[in-house]
Amino acid sequence: MTPQECPPSTPCRTLRPMKTPLSTNIAQKLIKRLAQEHNLVTREEFDAQARLLAASEAKIQELENLIDELEKQMPPNQQTAPQ
């Protein structure tokens, strides 16, 4: 809705769209600061962390499988009790 389309005496009539590079830059900095204050991350950061988590989970599963195989190779009297 443009200011011209707003009913008279409403807040949107008094707001002007930000069209200048300076105001856009200020808005971007404000959004970034607010995101940091609220512990928000960018999509890129989120995706990177999701990939790292998936890789870590795969490595944990690999290690758990290796432990299971090694425990099977141990003599029965030396096997560890489940934790």
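This is a guided tour of a predicted model, going from the whole chain to its helices, a loop residue, salt bridges and a surface patch.

**The whole chain**

Begin with the entire protein chain in a cartoon view, where the secondary structure amounts to three helices and zero strands, so that reading from the N terminus gives the order α-α-α. Switch then to a surface view: the accessible surface comes to about 8000 Å², and carbon and sulfur atoms account for 60% of that area. Of the 83 residues in the chain, 6% are buried.

Before looking at any detail, colour the chain by pLDDT, for which the mean is 81, with 70% of the residues reaching 70 or more. Confidence is lowest in helix H1, residues 11-14, where the mean is 57, and highest in H3, where it is 96. Where pLDDT is low, the predicted coordinates should not be read in detail.

**Helix H2**

Select residues 21-37 next, which form helix H2, with 17 residues and a distance of 24 Å from the first C-alpha to the last, close to the 24 Å expected at 1.5 Å a residue. Within this helix, show the side chains of Ser23, Ala27 and Ala35, which are buried. Looking down the axis of H2, you will find that its buried residues fall within an arc of 110 degrees, so they line one face of the helix. Now turn to the face of H2 directed away from that buried side, where the exposed residues are Pro21, Leu22, Ile26, Gln28, Lys29, Lys32 and Gln36.

**The loop between H2 and H3**

Move on to Asn39, which is placed in the loop between H2 and H3, just after H2. What is the phi of Asn39? The value for Asn39 is near 60 degrees, which is positive in a residue other than glycine. Most residues other than glycine have a negative phi. With a relative accessible area of 69%, Asn39 is exposed, because that value is over 50%.

**Salt bridges along H3**

Helix H3 covers residues 43-73, and several of its charged side chains are worth selecting in pairs. A search of the whole structure finds four salt bridges, and the tour visits some of them.

Start with Arg43 and Asp47, whose side chains meet in a salt bridge at 3.3 Å from N to O. Both residues lie in helix H3, four residues apart, which is about one turn of the helix. Arg43 or Asp47: which is exposed and which is partly exposed? Arg43 counts as exposed, its relative accessibility being 57%, whereas Asp47 is partly exposed, with a relative accessible area of 30%.

Continue to Lys59 and Glu62, another salt-bridged pair, in which the closest N and O atoms are 3.6 Å apart. Since Lys59 and Glu62 are three residues apart in helix H3, about one helical turn separates them. Lys59 is partly exposed at 43% relative accessibility, and Glu62 is also partly exposed, with a relative accessible area of 47%.

Then select Glu69 and Lys72, whose side chains meet in a salt bridge at 3.8 Å, again taken from N to O. Being three residues apart in helix H3, Glu69 and Lys72 are likewise separated by about one helical turn. Here Glu69 counts as partly exposed, at 43% relative accessibility, while Lys72 is exposed, with a relative accessible area of 61%.

**A nonpolar patch**

For the last stop, show Leu63, Leu66 and Leu70 as a surface, since together these residues make a nonpolar patch of about 260 Å². Which helix holds Leu66? Leu66 lies in helix H3, the helix already visited for its salt bridges. Leu66 is partly exposed, with a relative accessible area of 46%; residues enter such a patch at over 30% relative accessible area, so Leu66 satisfies that cut-off.

Conventions:
Residues numbered from 1 in each chain as written. Predicted model: local features only at pLDDT ≥ 70, side-chain atom pairs only at ≥ 80, totals over all residues. Heavy atoms only, no water. Patch = residues over 30% accessible without salt bridge, like charges linked within 9 Å, V, L, I, M, F, W, Y side chains within 5 Å. Areas by Shrake-Rupley, 256 points an atom, 1.4 Å probe, with all protein chains shown as cover. Helix = DSSP H or I, 4+ residues; strand = E, 2+ residues; numbered from the N terminus. Buried < 20%, exposed > 50% of the residue type's maximum accessible area, 1.4 Å probe, protein only. Expected span 1.5 Å × (residues − 1). Arc of directions from axis to C-beta. pLDDT = per-residue confidence, 0-100.
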